[in-house]
Amino acid sequence: MFFVRSISLLAVLVSSPVAVLAASESEPMHFSSQEIELPSSDRTFPDGPGAEAINNNCLACHSAGMVLTQPKLTKAQWTETVNKMAKVYHAPISPEDSAAIIDYLTNLKPQP
Ligand code: HEC
């Protein structure tokens, strides 16, 4: 009895993906344009020494929140992150701004 039941369960498991495939093949595909609204942000970095540099250089590609929600990092880690933005993502940051931004980020108080 148990044997028979497991055979029929197996049959269902094996046949159902085939049934799904067969159904999707017979139905024509419809494409339509969809509108989505991406979140936008006009949040800037909190005031302080270097705030102008970071506001000028770090808001073109992503929000301030992307940066402000990171955990507290060391100066070496922020240097690495800022260098990555410049080298990997081609953010055009001048060396003076880069130094000011790294100091700003290193001294950043935890954000609410
Ligand atoms: C040219 C575009 C661009 C600019 C300008 C830019 N970033 Fe980014 N940033 C990115 C991209 C792309 C990612 C990765 C996004 C992802 O992984 O979803 C990223 C991610 C980050 C992250 C998340 C952690 C990580 O390492 O991926 C931090 C922090 C960050 N950026 C900081 C900065 C700072 C600070 C500046 C200004 C010095 C800056 N970004 C300027 C493109 C940019």
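**Notes on a predicted all-helix chain and its ligand shell**

1. Thr-81 is partly exposed, because 15 C-beta neighbours lie inside 10 Å. A buried residue would need 20 or more, and an exposed one 12 or fewer. Thr-81 lies in helix H4. Its C-alpha atom is 9.1 Å from that of Ile-102, which sits 21 residues away along the chain. Ile-102 is one of the buried residues of H5. This pair is a good place to start, since the model is a predicted one and H4 has the highest mean pLDDT among the elements of the protein chain, at 98.

2. Now the overall layout. The protein chain holds 5 helices and 0 strands. Read from the N terminus, the order of elements is α-α-α-α-α. The chain has 112 residues, and 12% of them count as buried. Take the contacts between residues at least 6 apart in sequence: 58% of these join residues at least 24 apart.

3. How far can the reader rely on each part? The mean pLDDT of the protein chain is 84, and 77% of the residues reach 70 or more. Helix H1, residues 2-26, has the lowest mean pLDDT among the elements, at 52. Over residues 1-13 the pLDDT is below 50. That stretch has 0 contacts in the model beyond near neighbours in sequence. I would read the start of the chain with this in mind.

4. Helix H4 deserves a careful look. H4 has 13 residues, which at 1.5 Å a residue should span 18 Å. The end C-alpha atoms are 18 Å apart, so expectation and model agree. Trp-78, Val-82 and Met-85 are the buried residues in H4. They cover an arc of only 55° around the axis, so they lie on the same side of H4. What does the face turned away from the buried side carry? It carries the exposed residues Ala-76, Glu-80, Lys-84 and Lys-87. The buried residues of H4 pack against H5.

5. Helix H5 passes the same kind of check. H5 covers residues 95-106, and these 12 residues should span 16 Å at 1.5 Å a residue. The end C-alpha atoms are 16 Å apart, which agrees. Buried in H5 are Ala-100, Ile-101, Ile-102, Tyr-104 and Leu-105. Against which helices do the buried residues of H5 pack? They pack against helix H2 (51-57) and H4.

6. Ala-53 shows the H2 side of this packing. Ala-53 lies in helix H2. Is Ala-53 buried or exposed? It counts as buried, because it has 21 C-beta neighbours inside 10 Å. Setting aside residues up to four places away in sequence, Ala-53 touches Asp-97, Ala-100, Ile-101 and Tyr-104. Ala-100, Ile-101 and Tyr-104 are among the buried residues of H5. The C-alpha atoms of Ala-53 and Ala-99 are 9.4 Å apart, although 46 residues separate the two along the chain.

7. Next, the ligand. How many residues surround it? There are 17, and the closest are Cys-58, Cys-61, Met-85, Tyr-89 and Ala-91. The shell divides into 11 nonpolar, 5 polar and 1 charged residue. Helix H3 (64-68) and helix H4 (75-87) each supply at least two residues of this shell. H4 gives the most, with 4 residues. Met-85 thus appears twice in this note: it is buried in H4, and it is among the residues closest to the ligand.

8. The loop between H4 and H5 also matters to this picture. Ala-91 is found there, and Ala-91 is one of the residues closest to the ligand. Ala-91 is partly exposed, because 16 other C-beta atoms lie within 10 Å. Leaving aside neighbours within four places in sequence, Ala-91 is in contact with Asn-57, Cys-61, Met-85 and Ala-86. Cys-61 and Met-85 are themselves among the residues closest to the ligand. The C-alpha atoms of Ala-91 and Asn-57 are 7.6 Å apart, with their positions 34 residues apart along the chain.

9. One backbone detail closes the list. His-90 is found in the loop between H4 and H5. Phi of His-90 is near 60°, a positive value in a residue other than glycine. His-90 counts as exposed, because it has 9 C-beta neighbours inside 10 Å.

Key. Residues are numbered from 1 along each chain as its sequence is written. This is a predicted model: local features need pLDDT of at least 70, side-chain atom pairs count only at pLDDT 80 or more; totals for chains, interfaces and linings use all residues. A residue is near a molecule or strand if its C-beta atom, placed from the backbone, lies within 6 Å of it. Ala, Val, Leu, Ile, Met, Phe, Trp, Tyr, Cys and Pro count as nonpolar, Asp, Glu, Lys and Arg as charged, and the others, Gly among them, as polar. The expected span of a helix is 1.5 Å times one less than its number of residues. Two residues are in contact if their C-beta atoms, placed from the backbone, lie within 7 Å. pLDDT is the predictor's confidence in each residue, from 0 to 100. The arc is that of the directions from the helix axis to the C-beta atoms.
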